[in-house]
Amino acid sequence: MDEPVLRSLGLTIRFGGLVALDQVDLEVRAGEIVAVIGPNGAGKSTLFNIITGVYGPTEGRVWFDGKDITGRPTHEIVARGIARTFQASRLFADLSVLDNVVLGLHTRTTTNVLEAMLLPGRSRRELARAAATAEGILEQIGGNLFEQRKRRASELAQADRRRLEIARALASQPKLLLLDEPTAGMDDNDTDALIEDVRKLKADRSDMAIVVVEHDMRLVAALPERVVVLDYGRKIADADFDTVRRDPRVQEAYLGSSAS
Amino acid sequence: MKADGAPATKTFSTLRAGTVVIGSSLAVAAFLWAFITADSTIAVVALLVLLAAFFFGLERYPQAEAVVVRSFAEARVTAAIVWLVIVLGFPFLFGQNTYFLHLLVMCLIYSVLAIALNFQLGSANIPNFATGATYGIGAYCSALLALEFGWSFWATLPFAALAATLFGFIIGLPSMRTRDAYLALVTIACGVIIHQLLNNFEWTGGPQGLIGIPAPTLFGYSFASPLPVFGYTLPFQANFYYLALALLALSIVVANRLHQSRIGLAWNALRADEIAARAVGINVVWYKVLAFAVDAFLAAFAGVVYAFYISYIAPDNFTFLVSVTLMTMVIVGGMDNVIGVILGAFLLTLLPEKLRAFSDYRLLFYGLVVIAFLMIRPQGLLPQRLRSYGA
Amino acid sequence: MEQIAQQIINWLALSSIYALLAIGFSLLFGVINVIQFSHGDVALTAPFIAMAVFASLGALLPGADLVVALIVAIFVVGVLGIVLERFLIRRFRTAPPMMALVATVALGIVLRELIRILYPDGSNPHPFPQLVPGSALSFGDVSLSWLVVAMMAVTGLLVAVLTWFLYRTGLGLRIRAVSQDIEMARMLAINPNLVFRVTFFVASVTGAVAGLFYASYVGLMRFDLGIIAGLLGFSAAVIGGLGNMAGAIIGSVVLAALDTLVQAVFPDGAAYRLVVAFVLVVLVLVFRPAGLLGRTVVEKV
């Protein structure tokens with residue numbers, strides 16, 4: 001097998017006395033869909049935050065595409081090809097839906113400040129092209145985001161907000177997409193539509209790896225090839241869904257919370 | 001402005017668009033003329049009531065605004081010609097009245113400063129209480145070069161801008177580590193430091209400042225001499241009116257170009273959500289520092305024009321209060337809306353002059369206006385608009 | 001030697017003024033999460049109110065004591081704090097920080113201008129009496145005035161009372177609860193508005209004491225002293241680390257030391273004291289953004 005697109009070794013982070021992640025090793029291969037599950041506070045979002053450089057790990061390293069990205073600034077990591085969504089969606093609320101996706105293309109546009117001032121035609125054309133690309137992305141994603149592209153992002157319904165975040169993340173054409181609880185606040189229909197969206201996405205871009213943090217077991221059963229279970233910051237299982245489901249340690253971790 | 005009631009959906013002819021453009025432009029010019037020449041408190045208050053009624057109407061009938069915006073988009077050439085005529089011909093309306101012309105020049109200089117600050121406050125929502133200081137650095141730098149080394153106005157311009165931009169970078173650097181109130185404190189601190197140093201140093205003339213800055217010349221023509229046009233002679237202030245006008249035009253062009261590029265969009269992203277901005281790959285630190293630098297660059301230009309116009313500068317022209325006044329202009333006019341910002345600058349430059357009877361209450365008035373706006377209409381008179389792309 | 005002793009006395013006096021102001025900033029920031037940039041101006045209204053009350057008292061009942069006027073002034077400033085909180089600052093608690101910032105800076109201007117306009121001949125400096133006359137000790141040229149002794153004693157007392165109040169009373173516990181997590185506090189049936197009111201009263205009263213000391217120490221009151229006092233007090237709180245009382249005190253001691261040192265060592269040091277103080281603030285913010293004692297807060301994502 002070739003080099004995994006994402007690899008972490010011994011990732012550990014402490015906040016004061018709290019060990020949020022403890023010696024987590026992770027490998028994600030190109031084109032793979034991996035789910036990260038675990039009870040609340042297991043360190044799932046923290047894992048994303050370390051991978052994307054929001055926090056620096058106390059110990060351990062992260063490699064992306066064969067390069068060490070541990071502790072690099074977020075914008076640099078994103079430029080290398082990792083895109084993410086947030087657990088509580090973080091849209092650019094006072095900008096239009098279209099602007100949000102155009103911003104997702106930030107790493108794929110190049111105009112600098114002098115060019116913007118001296119070559120306005122070029123910079124405007126670049127942004128117009130980006131807007132056209134963004135409209136294409138909005139058309140592909142489920143729901144009617146395209147029709148709502150001129151509304152402010154703050155005016156969107158909850159499910160559409162989540163979709164828009166995914167659209168924004170996709171715009172950068174990442175090699176690795178991190179989805180943090182994409183179904184939060186969605187009803188069953190929306191969740192089904194989302195599963196469909198991700199499947200379609202997979203078909204279009206077979207080399208893109210997706211890591212999804214999720215609570216909704218329907219999605220976890222339907223999509224990923226592999227499920228990683230975190231509990232109190234430790235990785236306690238890493239296998240396909242059926243194996244993980246039968247793992248006694250996983251059952252113990254979940255007992256009392258949401259039974260799978 | 002004159003086109004209320006027309007449904008915005010109707011396709012309208014070029015003729016109609018042209019009429020709307022000409023009508024509304026002339027209305028704006030007439031209002032400004034009336035405001036500048038108003039000589040009694042009652043007249044000023046009446047004009048303010050009219051303005052308030054206008055904005056109230058705009059809020060009630062948004063379709064009227066849409067018609068005006070659309071007309072300007074459709075009749076672009078007409079709009080350009082009309083405004084060129086208005087701004088070039090404006091000084092002729094005041095005959096030999098140098099005071100009115102002086103007010104206009106100050107309005108233009110403050111408009112440039114407000115646009116400069118708008119890059120930070122409006123586009124990126126970064127507090128900056130040091131624009132007064134960058135303005136001062138531009139002014140002092142050019143004045144010193146002119147007085148000590150005999151440099152011309154034109155030669156000092158780029159150096160003053162460079163010095164101020166460097167200063168902008170320096171006060172921008174702490175924004176890497178600090179935000180919000182802390183960053184505000186840093187900018188206040190930098191503003192106070194600059195003011196105190198200008199006050200203390202001997203080579204800046206101390207509290208007395210620098211006097212006798214020579215008027216600029218262009219091909220042997222001195223800006224201090226009256227301006228003859230078509231057998232008509234305008235007071236020397238008209239020279240500076242046109243100079244400041246050119247600078248304002250430059251600022252508007254720079255502001256628009258940046259706004260319509262990925263840089264303006266990235267600043268807006270910073271304003272909305274810094275962490276999300278990072279997650280789409282925006283180098284947050286660089287864009288913040290950039291906002292400081294662009295602000296400083298334009299503010300320095302304004303400072304140079306001011307120094308050579310007044311020919312006398314002192315530290316007290318560049319205090320913390322100047323920075324607060326500029327912030328007021330941006331907030332009142334409308335953050336991230338260039339026309340709104342210019343409106344704010346004109347309004348808040350003219351009002352204290354017009355309400356001379358209350359000149360003792362000028363600062364009190366500023367403070368109350370800011371608080372009132374932040375509480376009642378935080379988006380300003382003309383709120384920011386959503387972008388539209390290409391085609 | 002005498003020089004040094006005198007400077008140490010100056011240092012202690014300045015430390016206590018800065019500390020009283022810084023504690024107010026810290027307390028307000030901790031509880032309402034708004035930087036009250038006009039806190040210095042609120043504090044410096046106290047000497048004007050005291051003198052106004054003193055003057056009118058003197059007309060009513062001759063021979064009235066200055067102490068009454070001082071107490072009235074301190075109380076009025078406390079109420080002023082409550083009023084400002086209720087009608088202005090509370091509205092900005094949840095607004096973008098930028099808005100609250102500009103609003104409180106504007107509020108400072110309004111307060112300063114009101115003093116200037118309302119107080120008779122308010123544009124000019126007025127003398128302010130030495131609250132506690134005489135000197136406690138003197139060796140040669142060095143004298144330790146009773147005023148400085150009183151300042152330090154009152155500051156110490158206030159810090160002790162505040163500590164007791166915050167850590168040993170039910171109301172103090174509620175204040176700390178709100179500053180930790182307002183939503184949680186709400187669920188525990190703590191009325192945040194009451195907490196805001198109390199916090200503003202306490203901070204403003206502390207500030208008023210600082211304002212009176214300041215005016216008395218420099219011997220005059222000026223309508224525009226509030227801005228500098230506010231900036232220095234806020235700087236002290238930031239240097240020490242916002243939101244903790246020990247930080248505010250340490251920040252004040254450091255800032256006052258630097259301030260005194262600059263004035264003592266350089267011939268024209270007085271002209272540069274603000275420059276030096278603010279350079280220190282900028283350096284602390286850049287290299288230790290959470291202040292000397294503050295802990296870096298990890299932002300929740």
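These are my notebook entries on a sheet in chain A, a helix in chain B and the contact between chains B and C.

**Entry 1: what I'm looking at**

I'm working with a predicted model. I started in chain A and then moved over to the other two chains.

**Entry 2: the sheet in chain A**

I went for the strands first. Six of them make an open sheet in chain A, and I read their order as β6-β7-β8-β3-β9-β10, with mixed pairing. Which strands sit at the edges? I found β6 (82-84) and β10 (234-239) of chain A there, each pairing on one side only. I also looked up the twist, which averages 20° from one strand to the next.

Next I checked what lies on the sheet. Helix α1 (residues 44-51) of chain A packs on it, touching β3 (33-37), β6, β7, β8 and β9 (226-231) of chain A. The direction of α1 makes about 145° with that of β7(A).

**Entry 3: β7 and its neighbour**

I zoomed in on β7 (residues 176-180) of chain A. Five bridges join β7 to β8 (residues 209-213) of chain A, and the two strands run parallel. I picked out one pair: D180(A) has V213(A) in β8(A) as its bridge partner.

Then I clicked on L179(A), which lies in β7 of chain A. Is L179(A) buried or exposed? I got 27 C-beta neighbours inside 10 Å, so L179(A) counts as buried; the cut-off for that is 20 or more. Leaving out residues up to four places away in sequence, L179(A) touches T85(A), I166(A), I210(A), V212(A) and V213(A). I also looked up how L179(A) relates to L18(A): they are 161 residues apart in sequence and 25 Å apart in space, C-alpha to C-alpha.

**Entry 4: β9, between β3 and β10**

I moved along to β9(A). Five of its six residues are buried, which makes β9(A) mostly covered. How do its two neighbours run? On one side, four bridges join β3(A) to β9(A), and these two run parallel. There I noted A35(A) standing opposite V227(A) in β9(A).

On the other side, β9(A) and β10(A) pair in the antiparallel sense over five bridges. The bridge partner of V229(A) is A237(A) in β10(A). β9(A) and β10(A) form a hairpin with two residues between the strands, and Y232(A) takes a positive phi near 45° in that hairpin.

**Entry 5: helix α15 of chain B**

I switched to chain B and looked up α15 (residues 362-376). This helix has 15 residues and reaches 21 Å from its first C-alpha to its last, close to the 21 Å expected at 1.5 Å a residue. Which of its residues are buried? My list reads Y366(B), G367(B), V370(B), I371(B), F373(B) and L374(B). Looking down the axis of α15(B), I see these buried residues fall within an arc of 165°, so they line one face of the helix. A372(B) and I376(B), on the other side of α15(B), are exposed.

What does the buried set of α15(B) pack against? I found α13 (320-333) of chain B together with α5 of chain C. That sent me to the contact between the two chains.

**Entry 6: where chain C meets chain B**

I looked up the totals: 33 residues of chain C are in contact with 34 residues of chain B. On the chain C side, the elements giving two or more residues are α5 (97-118), α10 (225-240) and α12 (269-287). Here α5(C) turns up again, with the largest share, 14 residues. By class, I noted 31 nonpolar, no polar and two charged residues on this side of chain C.

Key
Residues are numbered from 1 along each chain as its sequence is written. Chains are lettered from A and ligands numbered from 1 in the order in which they are written. This is a predicted model: local features need pLDDT of at least 70, side-chain atom pairs count only at pLDDT 80 or more; totals for chains, interfaces and linings use all residues. Two residues are in contact if their C-beta atoms, placed from the backbone, lie within 7 Å. Ala, Val, Leu, Ile, Met, Phe, Trp, Tyr, Cys and Pro count as nonpolar, Asp, Glu, Lys and Arg as charged, and the others, Gly among them, as polar. The expected span of a helix is 1.5 Å times one less than its number of residues. A residue is buried if 20 or more other C-beta atoms lie within 10 Å of its own, exposed if 12 or fewer, and partly exposed in between; C-beta atoms are placed from the backbone. The arc is that of the directions from the helix axis to the C-beta atoms. Two strands pair if DSSP finds at least two bridges between them. Axes are lines fitted to C-alpha atoms, for helices over the stretch in contact, and angles run from 0 to 180 degrees between N-to-C directions.
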